[in-house]
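Please examine the sequence and the model shown below. The paragraphs that follow lead from the chain as a whole to individual residues.

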Amino acid sequence: MSFSAIIRKMFGSSMTPPDSASTMSRNAECWCGSGKKYKQCHYESDRGYFTAKQNEGCQSGG
Ligand SMILES: [Zn+2]
């Protein structure tokens, strides 16, 4: 199973955040274009996404 397929399974969406979202201000407008603040929109789900992405690249140890 590919990484993107896992993410879709986890979040139920094909919409993935841009890499810039990992350093984005929580008070900035969300990257998805909803017009809401990032912290009120995709912030929580993106945290899970980037955590999973980091784990993807580091399978051993822990
Ligand atoms: Zn959003």
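**From the chain to its residues**

Of the 62 residues in the chain, 10% are buried. The structure is a predicted model, and its chain contains 2 helices and 0 strands. Among contacts between residues at least 6 apart in sequence, 29% join residues at least 24 apart.

A convenient place to begin is Tyr43. This residue belongs to helix α2, which covers residues 43-56. Is Tyr43 buried, exposed or partly exposed? Tyr43 has 16 other C-beta atoms within 10 Å; a residue counts as buried at 20 or more and as exposed at 12 or fewer, so Tyr43 is partly exposed. Once neighbours within four places in sequence are set aside, Tyr43 is in contact with Arg26 and Tyr38. Met24 stands 19 residues from Tyr43 in sequence, and the C-alpha atoms of the two are 9.3 Å apart.

The next residue, Ala21, is located in the loop between α1 (3-11) and α2. How far apart are the C-alpha atoms of Ala21 and Tyr43? Although their positions lie 22 residues apart along the chain when counted from one to the other, the separation in space is 8.5 Å. Around Ala21 there are 19 other C-beta atoms within 10 Å; because burial requires 20 or more, Ala21 is classed as partly exposed. Apart from residues up to four places away in sequence, Ala21 touches Trp31 and Asp46.

Ala28 is likewise placed in the loop between α1 and α2. Why does Ala28 count as exposed? The reason is its 11 C-beta neighbours inside 10 Å, since the exposed class extends to 12 or fewer. The C-alpha atoms of Ala28 and Tyr38 are 5.8 Å apart, with the two residues 10 apart in sequence. Tyr38 was met above as one of the contacts of Tyr43.

Conventions:
Residues numbered from 1 in each chain as written. Predicted model: local features only at pLDDT ≥ 70, side-chain atom pairs only at ≥ 80, totals over all residues. Helix = DSSP H or I, 4+ residues; strand = E, 2+ residues; numbered from the N terminus. Contact = placed C-beta atoms within 7 Å.
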